Amino acid sequence: MSELSANFILHFSFLTMPASPQPLRIVFMGTPEFAVPSLQVLLGGQDPVVGVCTQPDQPSGRGMAFHAPPVKVLAEAHQVPVFQPAKLRVPGVLEQLQAWQPDLIVVAAYGRILPTTILTLPPLGCINVHASLLPKYRGAGPIQWAIANGETETGITIMRISEQMDAGDLLLQKALPIAATDTGGSLHDKLARLGAEALQEAIGLLKAGRLTARQQHEAEVTYAPLIKKEDGRVDWNLAAAVIERRVRAFTPWPSAYTTLNGKLLKIFAAQVEHSLRSSQTAPGTIIEVTPVSVSVVTGNGVLTLLEVQLAGKKRLAAEEFLRGYHLQPGMRLGI
């Protein structure tokens with residue numbers, strides 16, 4: 001059977017599953033904290049999670065000790081078998097998944113692209129919990145880029161996985177407003193919880209024979225590339241409003257950062273200062289220092305820093321920071 005034929009049959013059977021009270025055998029594939037609520041809701045449901053596939057333990061911290069992924073910790077706490085292959089296209093992986101005999105594979109932030117051999121394995125296919133309203137923000141960084149780009153709404157998409165990244169049919173979507181105070185961290189947590197709710201609803205509709213699919217409109221596709229550390233570097237030539245969004249988007253990681261007298265300065269909270277006017281001063285120049293804040297000229301407008309961390313020091317509110325570090329107008333950041 002050709003890959004095209006296999007994908008067509010998979011798609012057709014997925015959409016025409018008759019209503020059935022029989023439990024589904026589910027394999028879950030996920031790795032970080034974002035995936036934990038989705039696995040939790042599956043573990044609390046009537047359909048058995050017969051196996052969990054997650055990334056290998058990774059070294060972290062000062063001692064570089066190996067730590068288990070959050071999904072593994074949860075799975076083992078519920079005595080669910082865990083499989084941690086370093087790659088998916090190697091001998092033994094397909095055989096292990098076949099041994100679990102899944103009716104459905106659920107994926108949430110697993111971290112690797114699934115090959116065709118896995119996509120066509122379960123009779124009901126593979127579905128994914130994606131943190132955007134597809135087709136907007138395909139890719140690995142939808143949460144952060146939605147904030148950085150000034151979106152007022154995002155959400156969760158439950159989609160059928162295809163061979164092209166995040167391009168499969170849409171099965172269910174739930175929208176979520178982005179608050180003016182949301183950070184990458186807070187929005188991540190909201191979407192993780194919403195993803196679990198959407199997944200639970202989608203599986204219920206699937207079992208009832210009422211889950212339908214629609215194709216994505218390619219003309220509406222946008223991308224959200226993987227967040228890199230250098231994305232956090234502040235470009236003071238940008239507008240104050242743009243920098244403020246990036247400060248929130250990249251909190252907690254990689255954080256927005258600049259330099260102060262040659263030392264790394266992370267910025268965790270800031271606000272656009274409408275009461276101050278920027279002068280002809282070069283972007284990055286401190287224009288005002290008060291007992292509780294530092295205001296910096298940008299390419300368009302003024303940004304007030306409210307929470308910062310100097311290299312080797314604690315994260316502090318600007319008021320506390322200024323008690324121990326003398327700043328004055330005319331000093332320049334980022335040089």
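The legends below describe close-up views of a predicted model of a single chain.

**View 1. The chain as a whole, with its nine helices and 15 strands.** The C-alpha trace spans about 70 × 45 × 35 Å along its principal axes, and 47% of the 335 residues of the chain count as buried. Among the contacts between residues at least 6 apart in sequence, 66% join residues at least 24 apart.

**View 2. The packing of helix α2 against helix α7.** Helix α2, residues 36-43, and helix α7, residues 184-207, pack at an angle of about 35 degrees, their axes lying 7 Å apart, and the crossing in which α2 passes α7 is right-handed. On the side of α2 the contact is made by Pro37, Ser38, Val41 and Leu42, which meet Ala192, Arg193, Gly195, Ala196, Leu199, Gln200 and Ile203 of α7. Sorted by class, the residues of this contact are seven nonpolar, three polar and one charged.

**View 3. The surroundings of helix α2, a mostly covered element.** Six of the eight residues of α2 are buried, namely Val36, Pro37, Ser38, Leu39, Val41 and Leu42. Besides α7, the elements against which the buried residues of α2 pack are the strands β1 (26-30), β2 (49-53), β6 (104-108) and β7, together with helix α3 (70-77). Pro37, Ser38, Val41 and Leu42, which are among the buried residues of α2, are also the residues of α2 that meet α7.

**View 4. The largest pocket, with a volume of about 1300 Å³.** The lining of this pocket comprises 44 residues, and those that lie nearest its centre are Pro32, Ala109, Tyr110, Gly111 and Ala140. Strand β7 (126-130), helix α6 (142-148) and helix α7 each supply at least two residues of the lining, so that β7 and α7 appear here as well as among the elements packed against the buried residues of α2. By class, the lining of the largest pocket has 24 nonpolar, 16 polar and four charged residues.

**View 5. The largest cavity, with a volume of about 70 Å³.** The count of cavities of 30 Å³ or more comes to two, and the largest of them is lined by Leu260, Leu265, Ile286, Val294, Leu305, Val308, Ala318, Phe321, Leu327 and Leu333. The elements that give two or more residues to this lining are strand β14 (302-310) and helix α9 (318-324). In terms of class, the lining of the largest cavity consists of ten nonpolar residues, with no polar and no charged residues.

**View 6. The second largest cavity, with a volume of about 50 Å³.** The residues that line this cavity are Asp231, Gly232, Arg233, Val234, Asp235, Leu238, Ile243, Arg246, Val247 and Ala256. Helix α8, residues 240-249, provides the largest share of the lining, three residues. By class, the lining of the second largest cavity divides into five nonpolar, one polar and four charged residues.

**View 7. Two cis peptide bonds in the loop between α8 and β10.** Most peptide bonds are trans. The bond that joins Thr251 and Pro252 is cis, with omega of about 15 degrees, and Pro252 is found in the loop between α8 and β10 (256-260). A cis bond also leads from Trp253 to Pro254, with omega near 0 degrees, and the place of Pro254 is likewise in the loop between α8 and β10.

**View 8. Asp166 and Asn261, loop residues with positive phi.** Most residues other than glycine have a negative phi. Phi of Asp166 is near 55 degrees, and this residue is placed in the loop between β8 (153-160) and β9 (170-177). Asn261, with phi near 50 degrees, lies in the loop between β10 and β11 (263-272). Asp166 counts as buried because its relative accessible area of 13% is under 20%, whereas Asn261 counts as exposed because its relative accessible area of 55% is over 50%.

**View 9. Ala317 in strand β15.** Strand β15 covers residues 316-317, and Ala317, with a relative accessible area of 31%, is partly exposed because this value falls between the 20% limit for buried and the 50% limit for exposed residues. When its neighbours within four places in sequence are left aside, Ala317 is in contact with Leu306 and Glu307. The C-alpha atoms of Ala317 and Glu153, two residues that are 164 residues apart along the chain, are separated by 29 Å.

Methods
Residues numbered from 1 in each chain as written. Predicted model: local features only at pLDDT ≥ 70, side-chain atom pairs only at ≥ 80, totals over all residues. Heavy atoms only, no water. Axes fitted to C-alpha atoms, helices over the stretch in contact; angles between N-to-C directions. Helix = DSSP H or I, 4+ residues; strand = E, 2+ residues; numbered from the N terminus. Left-handed = near helix turned anticlockwise from the far one by under 90°. Contact = heavy atoms within 4.5 Å. Nonpolar A, V, L, I, M, F, W, Y, C, P; charged D, E, K, R; others polar. 1 Å grid on protein atoms, 1.4 Å probe; cavity = no way out; pocket = protein on both sides within 12 Å on 5 of 7 lines; lining within 4 Å. Points joined across faces, edges and corners; volume = space filled by probe spheres on them. Buried < 20%, exposed > 50% of the residue type's maximum accessible area, 1.4 Å probe, protein only.
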